[in-house]
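Visitor: Please take a close look with me at how aromatic rings pair up here, and then follow that through to the places where chains meet. I am new to this, so a patient account would suit me best.

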Protein chains: 8
Amino acid sequence: MREQYNVFHLAIPCKDLDETVEFYVFKLGCKLARRYADRVTIDFFGDQVVCHLNPESIDPSPRLYPRHFGITFRDKIEFDNLLKLIQIREIPVFTPLFTRFTKTAEEHSSIVLIDPANNLLEFKYYIDPRMMY
Amino acid sequence: MREQYNVFHLAIPCKDLDETVEFYVFKLGCKLARRYADRVTIDFFGDQVVCHLNPESIDPSPRLYPRHFGITFRDKIEFDNLLKLIQIREIPVFTPLFTRFTKTAEEHSSIVLIDPANNLLEFKYYIDPRMMY
Amino acid sequence: MREQYNVFHLAIPCKDLDETVEFYVFKLGCKLARRYADRVTIDFFGDQVVCHLNPESIDPSPRLYPRHFGITFRDKIEFDNLLKLIQIREIPVFTPLFTRFTKTAEEHSSIVLIDPANNLLEFKYYIDPRMMY
Amino acid sequence: MREQYNVFHLAIPCKDLDETVEFYVFKLGCKLARRYADRVTIDFFGDQVVCHLNPESIDPSPRLYPRHFGITFRDKIEFDNLLKLIQIREIPVFTPLFTRFTKTAEEHSSIVLIDPANNLLEFKYYIDPRMMY
Amino acid sequence: MREQYNVFHLAIPCKDLDETVEFYVFKLGCKLARRYADRVTIDFFGDQVVCHLNPESIDPSPRLYPRHFGITFRDKIEFDNLLKLIQIREIPVFTPLFTRFTKTAEEHSSIVLIDPANNLLEFKYYIDPRMMY
Amino acid sequence: MREQYNVFHLAIPCKDLDETVEFYVFKLGCKLARRYADRVTIDFFGDQVVCHLNPESIDPSPRLYPRHFGITFRDKIEFDNLLKLIQIREIPVFTPLFTRFTKTAEEHSSIVLIDPANNLLEFKYYIDPRMMY
Amino acid sequence: MREQYNVFHLAIPCKDLDETVEFYVFKLGCKLARRYADRVTIDFFGDQVVCHLNPESIDPSPRLYPRHFGITFRDKIEFDNLLKLIQIREIPVFTPLFTRFTKTAEEHSSIVLIDPANNLLEFKYYIDPRMMY
Amino acid sequence: MREQYNVFHLAIPCKDLDETVEFYVFKLGCKLARRYADRVTIDFFGDQVVCHLNPESIDPSPRLYPRHFGITFRDKIEFDNLLKLIQIREIPVFTPLFTRFTKTAEEHSSIVLIDPANNLLEFKYYIDPRMMY
């Protein structure tokens, strides 16, 4: 279990600040914490994602491995709420909902989104929360 | 404030599983959660970092922007303990301790580490915790 | 003590959405949760303030009583951090830092800010937290 | 998520202290924290509402926008308990239970009460708690 | 909501230390914290009850009002578990399970036990936890 | 450690409801939860004290043993704040601040108050919080 | 209720470090915290188990009494998840799932595992969590 | 960080129930949870230690490795309070206070007690709490 008052932060590239805010804040429902000329910082499910304006670092052909990020939810209802949000707001999906590691202890549901700068976001829900790590 | 029972997860490339475990577990003091033939998963300060064996994705000339990750600590003592650990265990430093945004509300201390696969880890401490995002 | 997962919400008028975001997000360090054509919603120190575009409801000559709102902090450091922020970012002050009810059990420090729509924000710190109500 | 030990405070006008106590304490089930000659302070669902005796500031024709306040509950049971309380104790309703933003992610249930000084209180419950802000 | 780390303490008379331990520890499932020649202290559902050897203070004809004490449970399952315990261990009941204030907001279930020194213990469960006070 | 959401409740006699509210709410800074013709219920430091109008049950010559009640504070600052409150508001003291069990592990500070119905309230602070029970 | 930030630690013998890691980390899903030449330390469900290389201390004919250790879960789902894990990963069982103290307040489910060094691990779930001690 | 509502349990041998209660409850300040003819169960700093009457399993010449147990405290004050308790109540010490792993990240203070059945109890305090595992 992590410390509630600390924050994980992740810096990633983006190619346009407005479309970044549109995706993370107005689509995904995160909060905008700060905005500078060269970056926006997002309160991403309680952690921090900083999107740096850096169009040349965009991956033109993104694959899930080895780079992606996201949240693993403890309660299924949070995962389901996110699935509904994705549908209602038509958030771009990279890999639709699927189950990984079926019939093992690590079995979990997953969906992968893609942001406007081709960063991949994976959200997961494990049947057994001890396997979240 | 983030939800204590959820987990942020980040997938990054590595080039050798043993040296990855050496760096994250035996140097940085994180816990090893799982190990497969192609990856190790780390309990990274309560969140999850998955290191995928993917030597071809290693960045040969890493820069801090736009990609890095880490923890922003709420309590200064946690940050100071990490600084001591870095010194005692001679963990590779990419950018030594410095202060960013001096004399602004966003003022914070930062140190950047580099893992064996050239991933950059930034740890931070803000004087005003409201600025952590 | 309040319930951490509930949210207090307050709706107030504003006269321009951009200046509202400027004041609450970029000055006061709150987070922008949502923005519509007629309102913005702010994550105000963990509670919700909704600023409705309603220029005709602006009070031209605001007084502290009977309408204002704000946060009473439990830890003095949070109050002090806010005072520093006000100074560094030159946030408009309506009533400078003062002490109210000196030598009574209800003694507390207070500062009153004014937002671009003449709404008054009072932030307080009580020596005895039992008196916060 | 807000800080459990801090308190949101809101100052509003009232026109009679006894009827204010009757409404907030004996009807709505809040707790009376303090009473002075010119005001009462209420522990309003864990936050603080201060009702200042100020009959001349009463809004004779209250509308929901742009000024109202209330609590957004995380658990539906808390919202339902309040609905039952309103019925049992016949608390004055300004707008009966309705659903706002149907079929969007922001969908929520709402009921609006009116206190003896024409202040409007809105209580809400969101299907997706991430949309509470 | 009360502070988890503080303790409510209540001192009551008892007429025999062994029978007191038998009732509170071995019947009611509380924990024995300390025992002196003239008293035992009990960890009573997380609070402290001190039973002082004082046979002359025993009330020969106990009534529920005005003196009794007990716990109001937030979760019904805790109340139900206690009811089962009372049945299984045949703990002396003063007033069997009943409902008080039916059809009001304050409606709650209650059971009253009697300890070997005629102290009365009331355990309650409210449908609406806001009415617990 | 006790469960934060449960409530300890204690019923005691009083001889006048107004003076009871005066003592518990306006002197001691507790909150008034409910008031009926025959009783008032107090949010007493997060627990519940119910004062039943029952003048004939008043103890004319109160002694500390075997009946009294109160709070044992975990943090010294809470105890000190209460001592200040007692002084500022001139709350009736039955036994001034003293130290009990000096030079033992159970050493603690204590002060005993007396309410208008001769109920005795003891507030304590232990150097070693493990001894609070 | 125990203190979340403290750790119970238990030192036990093992006869091979690799098989110890295999059992505790890769079978039982615990995390590896540290590994030295003569011991491994395990984050065992949030507490610490240190396995010291000490083959001569292995009990050749282990019995459940008087030495064993384990976790008593508060939520049944955690216990059930562990039962599933044991089945999926074919973790060695010493005593299959059984019920102890049927029809008493102390009734609980239990399963006993055996590690490669013949240490016995008991996991339990009580119907009434007050009986967990 | 461990789950507050779960309990670590440890079963150990003892040779006399009364002396076991004397040591754990009246010396060490733990709470007695249950007592049967063949065992006592102790609330040991929030976890559970069960002492089974099993004189033949007593280790006549106890050594610290490989079997011992105890608590690692997060806050130094808790460790210091225990040291004071040991002194005041003259609790039998097996190894006086010492420092282990000096000048490494794992540096910690430790004291080892011995119970009447020769079980060894180690209490520790780490400068860097991340090293507690």
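Guide: Over all chains, the count of aromatic pairs comes to 108, and you should keep in mind that the model in front of you is a predicted one. One of these pairs is formed by Phe23(A) and Tyr24(A), whose ring centres are 4.9 Å apart and whose planes stand at 80°, an edge-to-face arrangement, and both Phe23(A) and Tyr24(A) are buried. Phe79(B) and Tyr125(B) offer another arrangement to look at: the ring centres are 6.5 Å apart, and the planes meet at 25°, so this pair counts as stacked. Because Phe79(B) belongs to helix α2 (residues 76-88) of chain B while Tyr125(B) belongs to strand β8 (residues 120-126) of chain B, the pair ties together parts that are 46 residues apart in sequence. Both Phe79(B) and Tyr125(B) are buried.

Turning to where chains meet, consider chain H and chain G, where 49 residues of chain H are in contact with 49 residues of chain G. The two chains bury about 4,800 Å² between them, with carbon and sulfur atoms giving 54% of that area, and Arg2(H), Phe8(H) and Tyr133(H) supply 19% of what chain H buries against chain G, more than any other three residues. Two salt bridges are found across this interface, one of them joining Asp47(H) to Arg2(G), with the closest N and O atoms 2.8 Å apart, and the count of residue pairs in polar contact is 34. Several strands of chain H each supply at least two residues to the side that touches chain G, among them β2 (31-36) and β3 (39-44), but β1(H) gives the most, with seven residues. By class, this side of chain H has 23 nonpolar, 13 polar and 13 charged residues.

Chain G also meets chain E, in a contact that takes 13 residues from chain E and 12 residues from chain G and buries about 930 Å², 47% of it on carbon and sulfur atoms. The count here is one salt bridge, formed by Arg89(E) and Glu106(G) with their closest N and O atoms 2.9 Å apart, and there are four residue pairs in polar contact. On the side of chain E that touches chain G, helix α2 (residues 76-88) gives the most, with five residues, and the residues of that side divide into seven nonpolar, three polar and three charged. Chain B and chain F, by contrast, do not touch, their nearest C-alpha atoms being 18 Å apart.

Technical notes: Residues numbered from 1 in each chain as written. Chains lettered and ligands numbered in written order. Predicted model: local features only at pLDDT ≥ 70, side-chain atom pairs only at ≥ 80, totals over all residues. Heavy atoms only, no water. Contact = heavy atoms within 4.5 Å. Buried area = accessible area lost by both parts, 1.4 Å probe. Salt bridge = Lys/Arg side-chain N within 4 Å of Asp/Glu carboxyl O. Polar contact = N/O pair within 3.5 Å; in protein donor to acceptor, adjacent residues only side chain to side chain. Helix = DSSP H or I, 4+ residues; strand = E, 2+ residues; numbered from the N terminus. Nonpolar A, V, L, I, M, F, W, Y, C, P; charged D, E, K, R; others polar. Phe/Tyr/Trp six-rings, centres within 6.5 Å; stacked < 30°, edge-to-face > 60°. Buried < 20%, exposed > 50% of the residue type's maximum accessible area, 1.4 Å probe, protein only.
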